[in-house]
Amino acid sequence: MISWRKHYKQTLIAIGLLLSTSASIYGQDGDPKNGEKLFKANCTACHALDKQVIGPPLKGVVERVKTEGGVDKDWLHKWIKDNKALRASGDKYANEIFEKFNKTEMLQFPNLTDKDIDDILAFTTNPPAPEPEPAATTATGTDAAAAAPADKTTTSVVIISLLAIAALLVWILIKLRQLVKLGQSEDLAGLNETRVKSFSEIYEKYHYVGKGLLTILAILATYGIWNWIMWIGVYKGYKPEQPIYFSHKIHAGEQKIDCQLCHSSAKYGKVSEIPSMNVCMNCHRTISEYNAKHYMEPGKDKAFYDGEIQKIYAATGWDPAKQQYTGKTQPVEWTRIHNMPDFVYFNHSQHVVAGEQAIINSFNKKNPTNKIDVVCKACHGKIDTMNVVQMANDFTMGWCIECHRTTEVDMNNGYNKEYFKNLHEKLKKQYPKDGGKITVDAIGGLECGKCHY
């Protein structure tokens, strides 16, 4: 009897433990760490853990579908692999979800194995704790603000001290001069009376030297005025602040986004154009916050970048909570950086398409230690390293002419190669020197009408 009761109690304890842990076991048959990788690779375009993006938040999705639809993990496997087929089968809960989210069809993932899906569900049920952020190596925000008053005070003290020392030296020199005058003999005093004291007397005595100096000054002044006039409108290094902060280093450098994805008209249009805000929304419809912890500009933090993304939403009238446009848009007044005068004709497509490889080759020959791989960089500098875009070159007439004189024509260009075949053969005979090397100036690159109306 005692033995039976003993086994009875042990059985009850085992059943209780099993029941108490059943909820946590449900959905945990997987590897959360591997699930995190799979989640980022397959799900983040439409889902987040803790908020709605295009689809619903997925944290605790296993328990949620069990509570709302009375379904289990097997149902989730079917939904993830082929939700369209599941809806077509007449599954009530699958069609309810489809209707609830405005009939937005979820992508199908037949390539995911059952283990992959279990890993993803394990991650959504119990995501691993985030790794601690590394200590900041540069002063930002509050630290910089706290250090600023101390720096200003130190600078003020140094300036005041230098002024005091300068005043003391002037006073000492005055006193020394007075002492020297008191000690002068009568002969020296008489000599001082005979000295020339007016500018006119000096000029009469040294008028040839004076005229020569005036001539030199006039020449230097003329050159200075001419040089100043020639640099009017040259704004190398110009980098204005924009209404929405956009780092090319993050987008083109860190994320490796191709220039022509945003500046789509640069290849086949006269101008590259400023991308519309809808281009930004192609990505930022689902990227509502900055999570690239590996790169953070000095003096900026995650809150700053998140705030700039919110400006994109305000400009386009996007409501991230409802995942829909409100219709209330705000124009963005971008500040143009590169702007050719009206009398200058420049065609982007002519350079990007016809001259692409020739320009890259010419630039790399002249800059063997600072090579480029994209034609855009030849004129605009290494954009993928700039947080704030600036004018990288002079863009003067002389700068363009020098490029035309040194850039060799690419005879093997794939675009219209047959069309220019006869012209290329004619030019090779016309310019036999240097192994038939032909630069842009040989094909009309220095003709006034090519660039000026």
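Before anything else, a word on UniProt annotations: feature names are shortened here, and an annotation may be inferred rather than shown by experiment. Keep that in mind, everyone, as we look at this predicted model.

Let's start with the annotation itself. UniProt, in an unreviewed entry, places the feature "transmembrane region" at residues 156–174 and 213–234. What does the model show at those two places? Residues 156–174 are 100% helix and 0% strand, and the C-alpha atoms at the two ends of that span lie 27 Å apart. Residues 213–234 come out at 82% helix, again with 0% strand. For that span, the end C-alpha atoms are 32 Å apart.

Now let's step back to the whole chain. How many helices and strands does the chain have? There are 21 helices and 2 strands. The chain has 453 residues, and 25% of them are buried. Its accessible surface adds up to about 31,900 Å², and carbon and sulfur atoms hold 60% of that area. On contacts: if you take those with a separation of 6 or more, 65% join residues that sit 24 or more positions apart.

Next, please turn to the second largest pocket. It holds about 730 Å³ of space. Which residues lie nearest its centre? They are His47, Pro56, Leu58, Trp79 and Met106, out of 35 residues in the lining. Four helices each give two or more residues to that lining: H3 (61–69), H4 (73–88), H5 (92–100) and H6 (114–125). Sorted by class, the lining contains 23 nonpolar residues, along with 7 polar and 5 charged ones.

I'd like to finish with two residues in loops. Lys256 is in the loop that runs between helix H11 (248–254) and helix H12 (259–262). Its phi is near 60 degrees, a positive value in a residue that is not glycine. Is Lys256 buried or exposed? Lys256 counts as exposed, because its relative accessibility is 68% and the cut-off for exposed is over 50%.

The other residue is Glu273, found in the loop between H12 and helix H13 (277–284). Glu273 is not a glycine either, and its phi is positive too, at about 65 degrees. So if you have the structure open, you can find Lys256 in the loop before H12 and Glu273 in the loop after H12.

That's my tour, and thanks for listening!

Methods
Residues numbered from 1 in each chain as written. Predicted model: local features only at pLDDT ≥ 70, side-chain atom pairs only at ≥ 80, totals over all residues. Heavy atoms only, no water. 1 Å grid on protein atoms, 1.4 Å probe; cavity = no way out; pocket = protein on both sides within 12 Å on 5 of 7 lines; lining within 4 Å. Points joined across faces, edges and corners; volume = space filled by probe spheres on them. Nonpolar A, V, L, I, M, F, W, Y, C, P; charged D, E, K, R; others polar. Buried < 20%, exposed > 50% of the residue type's maximum accessible area, 1.4 Å probe, protein only. Contact = heavy atoms within 4.5 Å. Areas by Shrake-Rupley, 256 points an atom, 1.4 Å probe, with all protein chains shown as cover.
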